[in-house]
Amino acid sequence: MHPADLCYLNNASVGLQSPAVAARLRDWLEAEMAAYPRQRLESALWDGQATRTKLSQWIGAPETQLAFGASTSQLMAQIIGNLDLAGRRLLVAPGEWASNIVMLRRLGGEPPRAIELLATDADGRLDMAAIARQIDDDVAAILTPLVTSIEGRRYAVEALGALPRPSHCPLIVDAAQGLGQTEIDVRRLGCDVLVATTRKWLRGPRGMALLYVSQPAMAMMRLNPTPELAGLRLDPASQRFVDLPQARRFDASDLSILNQVGLTAALNELQQIALQPLRDHLAALAGQVYDIAREQGFRPLLPHPETGIATIHLPDSEPLQVVQRLDAAGIVAKACSTAAEPLNVRLPATGTLLRISPHWHNTSADIDRAMAALR
């Protein structure tokens, strides 16, 4: 099958870069080759700053409180390694990503006394009244995704961030599935830390992620145990390297220039589309998945789609069987493993969880084609 015949519906894993972004990367490489051996460092630095400026505006944060890394896992590890978790309770949302759970257990120094699920109601939404009773001085941190990876549930993080919590207890939000498809303002979320990758709904390149850290969160952290050169500066008086102030201490030292160029182009493209038209488009396509799924006897995981992620349960099909059927029809979607959200007890344990995640480039015909392949 020719690549042009593929129907790509897996943007929650890796967003499909547009031809315009690919053309920007090509133009960059051609210009760099023409300037060789005097590489275009001035323009590279400009692109990096443009990327930081645009992303800080995108999430409503000062530029000084934004850092770049290679992945959300790498940035989350740096944050967790800076917190004093020993002997305290951690409150974690059911949809928290598996690698974050592993890091909480491994990087918190002495293991935390308990990883406790944030309370939810019968529909799986965060139960704020019950959570308020969970939070006390013994809680070291609260962790939640903004949007869950498998269900596509959009947690009410704003309400969670508004609850009273101890001054030593940061609210840490994983926005990997939210950034680019839902509005994010760290002030309205009330979070202390936010991490997100750029490869999903922003449709940027792989190998790049962002980190926001609030001023109070910086004050409660220890010195960076895994310093990068970009996060250090030389103190002239002592001739020692010390951490940069604010979130820039977490900057990776060797980010790809091409990644920054590509991400800036992708952000420009999304700004031209505008967030509300994109959200309306995704809601329509996800709703179409839900409607057809019910007609075909499959169960959507939520009563109605809350984001551009539409996941349906095929109770009588094995994942490999479903993937092979989609591959034969030229459909790229995701058969999810429940191991990715080990604390989410609401996920079905048998059958196949098929996640369909369209983006701006997808059409109603794409959804019809994907659902027809499941008959």
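Colleague: Why does C7 form no bond with C336 here?

Modeller: Distance rules it out. The closest cysteine sulfur to that of C7 sits in C336, 17 Å away, so the gap is too far for a bond. Keep in mind that this is a predicted model.

Colleague: What cut-off should I apply to a pair of cysteine sulfur atoms?

Modeller: A disulfide needs the two sulfur atoms within 2.5 Å. Now read the pair from the other end. For C336, the closest cysteine sulfur is the one in C7, and 17 Å is too far for a bond.

Colleague: How many disulfides does a search of the whole structure find?

Modeller: The count is 0.

Colleague: Is C7 buried or exposed? And C336?

Modeller: Read the relative accessible area. Under 20% counts as buried. C7 has 2% relative accessibility, so C7 is buried. C336 has 12% and is buried too.

Colleague: Let us turn to the sheet. What is the strand order?

Modeller: Read across the sheet, not along the chain. The order is 2-8-7-6-5-3-4. That makes an open sheet of 7 strands, with mixed pairing.

Colleague: Which strands stand at the edges?

Modeller: Look for strands with a single partner. Strand 2 (66-69) and strand 4 (114-117) each have just one, so one side of each has no neighbour in the sheet. From one strand to the next, the twist averages 20 degrees.

Colleague: How many bridges join strand 5 to strand 6?

Modeller: There are 4. Strand 5 covers residues 139-145, strand 6 covers residues 171-174, and the two run parallel.

Colleague: Which residue in strand 6 does P145 stand opposite?

Modeller: P145 faces D174 there.

Notes. Residues numbered from 1 in each chain as written. Predicted model: local features only at pLDDT ≥ 70, side-chain atom pairs only at ≥ 80, totals over all residues. Heavy atoms only, no water. Buried < 20%, exposed > 50% of the residue type's maximum accessible area, 1.4 Å probe, protein only. Pairing = 2+ DSSP bridges. Axes fitted to C-alpha atoms, helices over the stretch in contact; angles between N-to-C directions.
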